[in-house]
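Reader: Could you take a close look at one part of this model for me, and then connect that part to its surroundings? I would like a careful reading that also says where caution is needed.

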Amino acid sequence: MQQADEAGGAGTGGGLRWSTSPALIGIGWVLACALGLTLLLTGNAVDTTFVAAGALLVASASGCLSYLRPRLRADSAGITVRTLGGQHSWSWERVSLRISRTRRLGRDTPVLELDVPEGDVLGGLLVLGRFDLGTEPTEVAEQLERLRRQLPPE
């Protein structure tokens, strides 16, 4: 799924980018606003506390997801991953990628694992799932490998 400025979309300048679905982030912001409006209607302190905590939690999650867009970008120079600590970029020679399958909630879930220099990201391993990428990690891995193979040999 490649659409401009959306999850799994093609970026400008021939690069590719992936991020959490904008619709999902939008739903989070709408829910945060609805909880904020509900605060005005709550009468007792216990209700106000729980609704305020929910609004703060949903707004924080939506804010983080908005900040992390796009989560992964790739072009002929290499890849860029956005984390809460900022953007990290690596050339293709410094990155290895693979698909790993984990079992969650009774089903096998593919995740994209990026091995990067350990000094750049704690542990040197970035794990991105369908939620992070907005599309299946196996499709992203195939597109990244295709982009990597298009590079001229050095």
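Author: Thr-42 lies in the loop that runs between helix H1 (22-41) and helix H2 (45-67). In this predicted model, the side chain of Thr-42 makes a polar contact of 3.0 Å with the side chain of Thr-48. Once the neighbours within four places in sequence are set aside, Thr-42 is in contact with Asp-47, Thr-48 and Val-51, so that Thr-48 appears both in this list and in the polar contact, by the definition of a contact as heavy atoms within 4.5 Å.

Another side chain to consider is that of Asp-132, whose place is in helix H3 (residues 130-133). The side chain of Asp-132 reaches the backbone nitrogen of Gly-129 at 3.1 Å, and, when residues up to four places away in sequence are not counted, Asp-132 also touches Trp-18, Ser-19, Thr-20, Arg-71 and Val-127.

One of those residues, Val-127, falls within strand E7 (125-128), and this leads to the sheet. The sheet is open and has three strands in the order E5-E6-E7, paired in the antiparallel sense. Strand E5 (96-104) and strand E7 stand at its edges with a single partner strand each, and therefore one side of each has no neighbour in the sheet. On average, and with direction ignored, neighbouring strands of this sheet are turned by 30 degrees against each other. Strand E6 (residues 107-115) is joined to E7 by antiparallel pairing over four bridges, and in E7 it is Leu-126 that serves as the bridge partner of Leu-114. Helix H4 (residues 137-149) packs on this sheet and touches E5, E6 and E7, while the direction of the helix makes about 175 degrees with that of E5.

As for the aromatic rings, the count of aromatic pairs comes to zero under the rule that ring centres must lie within 6.5 Å. There is, however, a charge placed over a ring, for the charged end of Arg-82 sits over the ring of Tyr-67, 4.1 Å from its centre.

Finally, a word on confidence. The mean pLDDT of the chain is 86, and 88% of its residues reach 70 or more, but over residues 1-12 pLDDT stays under 50, although the model has 36 contacts beyond four places in sequence for that stretch. Where pLDDT is low, the predicted coordinates should not be read in detail.

Technical notes
Residues are numbered from 1 along each chain as its sequence is written. This is a predicted model: local features need pLDDT of at least 70, side-chain atom pairs count only at pLDDT 80 or more; totals for chains, interfaces and linings use all residues. Side-chain values use heavy atoms; hydrogens and water are left out. Two strands pair if DSSP finds at least two bridges between them. Helices (H or I, at least four residues) and strands (E, at least two) are DSSP runs, numbered from the N terminus. Axes are lines fitted to C-alpha atoms, for helices over the stretch in contact, and angles run from 0 to 180 degrees between N-to-C directions. A polar contact is a pair of N or O atoms within 3.5 Å; within protein, one must be able to donate a hydrogen and the other to accept it, and residues adjacent in sequence count only if both atoms are side-chain atoms. Rings of Phe, Tyr and Trp (its six-membered ring) pair if their centres lie within 6.5 Å; planes under 30 degrees apart count as stacked, over 60 as edge-to-face and the rest as tilted. A charge sits over a ring if NZ of Lys or CZ of Arg is within 6 Å of the ring centre and within 35 degrees of the ring normal. pLDDT is the predictor's confidence in each residue, from 0 to 100.
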